[in-house]
Amino acid sequence: MTTGTQEVELVQERRGPITILRLNRPDARNALNVSLIQGIGAAALEAESDPEIRAIVLTGTGDRAFCAGMDLRAFADGGDFYSEGFERLTEGQLSIPVIGAANGTAIGGGLELLLGCDVIVSSTQAKFGLPECKRGMFPGGGGTNIGTRIPLGVALEMTLTGDFITAERAYDIGLVNALAAPDAVLETAIGYAERIAANAPLSLAACKDLVRLAVSNSESVPERLGQWRTTVFSSSDAKEGAMAFIEKRSPNWQGR
């Protein structure tokens, strides 16, 4: 977050059990500078540690860009771009679900930020790309993991050519989960978040961890599966879920 007379670079909004984080540098196409990365990281960790928060929605200001990636001028000026929370978000390691609302184009680090989301809603007008090779770099912020989300051949095409793809193609290859008109992207994403947040927190954490692990490191799944079975099936929420079903009422989740 910025202070003083500068405009806030990360807008935070609470909607029930959902935290909405909005990148707010529209003049720079919501590009990532040091302060924005630090702000996103801090907000992500804060949401994860708050038992009342069940999901995060991540979006950008305007309809031109979700995020244009790293602010190259800020990069050239130096500075510490590292943030533990931001890194955990982009690597899909946050324990709570993250829903991306791609209000516009996402390229480079912007697409890498979306790849850390568990569900992605895209504007029909958005485009996606990893153009780092065109700039003498490579997608070093998690973009090279894109092949865990889309077919390998398409992942190689996108990273090696640096070309953009349309929202329609992104949907067809499974990069995004849903398409929406530009003015409906955020509400569609919030709809996903509300449906997700209505479920048991421990169950969500287990599903997110195990499903991602099955793709990235399948050999680790059996041990982690046993750990989650012990944690989830012996929890108060598991008993509450069964009783709520029997009593035909909505469950009251405690996250334990």
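1. Start with what packs around helix α1. In this predicted model, the elements that cover the buried residues of α1 include the strands β1 (10–15), β2 (18–23) and β3 (55–60), along with the helices α3 (84–90) and α4 (109–115). Which residues of α1 are buried? They are Leu36, Ile37, Gly39, Ile40, Gly41, Ala43, Ala44, Ala47 and Glu48.

2. Now for the helix itself. α1 is made of 16 residues, and from its first C-alpha to its last it reaches 23 Å. That is close to the 22 Å you'd expect at 1.5 Å a residue.

3. Next, have a look at the nonpolar cores. The largest one has 43 residues, and the ones with the most contacts inside it are Ile40, Leu111, Leu114, Phe128, Ile146 and Leu175. Helix α1 (residues 34–49) turns up again here: with six residues, it gives this core its largest share. Another core, of 16 residues, lies apart from it, with Ala55, Val121, Val185 and Ala193 among its members.

4. Then there's glycine 147, which you'll find in the loop between β8 (127–129) and α5 (152–161). Is glycine 147 buried, partly exposed or exposed? It counts as partly exposed, because its relative accessibility is 33%, which falls between the 20% limit for buried and the 50% limit for exposed. Try finding aspartate 63 as well: it and glycine 147 are 84 residues apart in sequence, and their C-alphas are 27 Å apart in space.

5. Last, the rings. How many aromatic pairs does a search of the whole structure find? Zero. Tyrosine 192 does have a charged residue over its face, though: arginine 195, at 4.6 Å from the ring centre.

Conventions. Residues are numbered from 1 along each chain as its sequence is written. This is a predicted model: local features need pLDDT of at least 70, side-chain atom pairs count only at pLDDT 80 or more; totals for chains, interfaces and linings use all residues. Side-chain values use heavy atoms; hydrogens and water are left out. Rings of Phe, Tyr and Trp (its six-membered ring) pair if their centres lie within 6.5 Å; planes under 30 degrees apart count as stacked, over 60 as edge-to-face and the rest as tilted. A charge sits over a ring if NZ of Lys or CZ of Arg is within 6 Å of the ring centre and within 35 degrees of the ring normal. A nonpolar core is a set of buried Ala, Val, Leu, Ile, Met, Phe, Trp, Tyr and Cys residues joined through side-chain atoms within 4.5 Å. Buried means under 20% relative accessible area, exposed over 50%, partly exposed in between (1.4 Å probe, protein chains only). Helices (H or I, at least four residues) and strands (E, at least two) are DSSP runs, numbered from the N terminus. The expected span of a helix is 1.5 Å times one less than its number of residues. Contact means heavy atoms within 4.5 Å.
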